[in-house]
Amino acid sequence: MWSTTRGARPGAARSSGPVDALRDLGALALPVDCAVCGCPDDPLCARCAADLAACRWPTGPRQVRPRPCPPGLPTVHSAGRYAEALAAVVSAYKDDGRRQHAGVLGALLAESVDAAVGASPELLAVLAGANGPVLVVPVPSSAAARRRRGDAPLVAVARVAVGGYAAAELVVAEALAPRRRVADQAGLAARERAVNLEHSMTVTTRWEPVVRGAACVVVDDVLTTGATLVEAARALGAAGARVVVAATVCATQRRADAARHPRSGQPPPASGAVPAGRAARSGPAQQTRGKR
Ligand SMILES: [Zn+2]
């Protein structure tokens, strides 16, 4: 059931012509200047859409891991590098109100979620046994960010990402909420981020009975140090989630590796991509994708 439904999902069509498709998705809203280069009359111009597509890992989503890898980090799959045009669109989407790019980012997150599900025997078993839905849980915005932005932009991206699945298979679950104030993560080192976020999230009362025993995919826009995903997985686990994996739109590269491999899209293992032997479990996702 899982594979047949996946075949009909929007991500399947998009993957055949990513540049045009990403561009079309970006153009759904009223025309404005390009979110990346600022050229007029196109929210994501052809050149920048091509640049954005070039930020995807050329062989498809992959398992990624920050260095150092924080304890408690769930398995994370990501669609590409947080760099250049993709970083610009993430920023424009989140902080400049360019909400028309939910489609672009959601298409990438869909690929990551597909890979995360395909790499997890537990999640595949849930879907094969019609024991879902698997909960796709966006990391929560801080109260301050929600006030500043007026909404929770990641939720819209997550909704696009699950668009090709039946509601009985994958659903977006806004199950996590902040339970205390945290400092802005920007500018904090990895260890400081971890301390800043420790025990900062909780599963809301309403979602507790749903999360208990559920299989979850935590989603976020960017994997940086992994501290946010660690805390999200901890909170879900504390509420009784049976299995937690993670998927992000993109992942940061270590500066040194990014400098050495500026546009290859093929970072060496040191940059955070998991060595081939460790990523072997992503095989089913790759095979299924090929059948679409
Ligand atoms: Zn442009």
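## Helix 5 and strand 3

The cover over the buried residues of helix 5 includes helix 4 (46–54), helix 6 (102–118), helix 9 (153–161), strand 7 (215–223) and strand 8 (243–251). The structure is a predicted model, in which local features need pLDDT of at least 70 and side-chain atom pairs count only at pLDDT 80 or more, while totals for chains, interfaces and linings use all residues. Residues are numbered from 1 along each chain as its sequence is written.

Helices (H or I, at least four residues) and strands (E, at least two) are DSSP runs, numbered from the N terminus. Contact requires the C-beta atoms of two residues, placed from the backbone, to lie within 7 Å. A residue is buried if 20 or more other C-beta atoms lie within 10 Å of its own, exposed if 12 or fewer, and partly exposed in between.

In helix 5, the buried residues are Ala85, Leu86, Ala88, Val89, Val90, Tyr93 and Lys94. The expected span is 1.5 Å times one less than the number of residues; for the twelve residues of helix 5 (residues 84–95) this gives 16 Å, which agrees with end C-alpha atoms 16 Å apart. Just after helix 5, Gly97 has a positive phi of about 75°.

Strand 3 (residues 134–138) has five of its five residues buried. Val134, Val136 and Pro138 point one way, and Leu135 and Val137 the other. Its pairings (at least two DSSP bridges between two strands) are as follows.

| Partner of strand 3 | Bridges | Direction | Opposite Leu135 |
|---|---|---|---|
| Strand 4 (residues 170–172) | Three bridges | Parallel | Val171 |
| Strand 7 | Four bridges | Parallel | Cys216 |
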